[in-house]
Amino acid sequence: MVTDTARGGREGWVRFQHGSFDCVVVSDGMLEMGPAYDNFPGADPEAIARLLDRHYLPADRVRLNQNVLIIDTGNEVIMFDSGVGTAADWGRRRFGSGTGLVVANMRAAGIDPADIDIVAITHAHPDHLWGLVGDDDKRVFPNARVALSRADHDYFADASRVAGATDARQRDQFLGAQRNLGAYADSLLLLEDGAEIAVGVSAILTPGHSPGHVVYKITSLDETIICWGDLCHHEVLLLQQPRWNFALDLDRQAAVDERLRILEMVDKERCAVLAYHFPFPGLGHVISQGDGYGWLPLELPPRRPDAG
Ligand SMILES: [Zn+2]
């Protein structure tokens with residue numbers, strides 16, 4: 001079995017074309033999530049182990065990628081989610097030193113953080129939001145507006161929730177969200193269901209994982225990608241068993257309902273998917289199989305070495 005090593009791996013970015021949009025996926029690195037049973041509560045541990053083993057994945061060490069999509073529509077450059085950030089006391093302390101790579105990978109792909117016009121956030125959790133500011137609490141993306149749902153903003157930016165947090169993890173979620181969103185207080189786009197943030201780019205409200213989780217619909221020349229954030233965390237477990245729960249879903253039943261709704265939509269409408277936590281670069285299609293779905297990665301053709 002081929003395994004990764006400290007020296008192995010590939011470049012942390014890849015380009016592709018979507019309709020008339022130039023796109024890049026950059027990786028923010030791998031999240032170490034620990035044993036599978038801790039992440040998918042209520043599921044039969046033997047069924048989890050069987051499914052993972054069949055797909056050459058270890059049950060004692062779930063790792064989730066962070067695929068950050070950046071599109072250039074011709075009018076604006078839009079980035080979807082921002083990774084865990086580089087602050088030593090925040091994201092990287094919790095998620096490990098193999099994370100916080102998004103800016104380095106953007107630069108390697110030829111994109112400067114100052115080029116970003118909009119950071120479109122799927123939801124205000126650490127691995128999606130905390131890359132907005134650096135150690136100095138200043139904006140990493142100096143020219144960007146930040147789009148997120150009004151529901152997530154009102155929930156996570158409410159300072160009174162800090163005192164009522166049920167544990168340290170939840171308290172940090174509120175504090176980290178307030179720290180990151182605070183730096184963009186005069187540049188926020190607060191979204192309702194269906195809001196268009198640019199021509200061809202709109203938000204679909206999918207509450208469950210967070211109060212105002214959204215997926216983004218990105219359409220150009222009749223082709224659509226659904227950029228789905230944390231609608232579905234795992235390319236095997238939550239596609240083949242979409243009714244299972246993920247530990248960090250705030251409202252587990254609503255998260256299942258929204259997952260099923262969007263899965264049915266992308267399957268029926270033959271949309272491509274950009275899945276934040278799937279194997280890099282997280283671009284593919286879902287295919288209905290029995291009671292669930294399978295994952296078909298989209299092939300990205302090799303570039304000519306002399307293509308510049
Ligand atoms: Zn996530």
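How are the donor residues of the zinc ion spaced in sequence? I started my notes there, keeping in mind that this is a predicted model. The spacing reads D-H-x101-D-x46-H.

**Zinc site.** Next I looked up which atoms do the coordinating. I found D127 (OD), H128 (NE2), D230 (OD), D230 (OD) and H277 (NE2) around the zinc ion, at 2.1 to 2.6 Å. D230 is listed with two OD entries, and the histidines H128 and H277 both use NE2. Then I checked where two of these donors sit. H128 belongs to helix α5 (residues 126–129), while D230 is in the loop between β13 and α8 (237–240), so this pair ties together parts that are 102 residues apart in sequence. Buried or exposed, I wondered, for H128 and D230? Both turn out to be buried.

**The sheet.** I followed β13 into its sheet. It is an open one of 7 strands, ordered β10-β11-β12-β13-β14-β15-β16, with mixed pairing. The edges are β10 (196–198) and β16 (292–297); each has a single partner strand, so one side of each is left without a neighbour in the sheet. On average, neighbouring strands here are turned by 35 degrees against each other, direction ignored. I zoomed in on β12 (residues 214–220) and β13 (residues 223–227): they run antiparallel and are joined by 5 bridges. In this part I noted Y216 opposite C227 of β13.

**Helix α7.** Last, I checked a length. Helix α7 (residues 168–182) has 15 residues, which at 1.5 Å a residue should span 21 Å, and its end C-alpha atoms are indeed 21 Å apart. I also jotted down some of its buried residues, among them F174, A177 and L181, along with D172 and R179.

Terms used
Residues are numbered from 1 along each chain as its sequence is written. This is a predicted model: local features need pLDDT of at least 70, side-chain atom pairs count only at pLDDT 80 or more; totals for chains, interfaces and linings use all residues. Side-chain values use heavy atoms; hydrogens and water are left out. Two strands pair if DSSP finds at least two bridges between them. Helices (H or I, at least four residues) and strands (E, at least two) are DSSP runs, numbered from the N terminus. Axes are lines fitted to C-alpha atoms, for helices over the stretch in contact, and angles run from 0 to 180 degrees between N-to-C directions. The expected span of a helix is 1.5 Å times one less than its number of residues. Buried means under 20% relative accessible area, exposed over 50%, partly exposed in between (1.4 Å probe, protein chains only). Donors are N, O and S atoms within 2.8 Å of the metal (3.2 Å for Na, K and Ca); water is not among the atoms, so sites may look incomplete.
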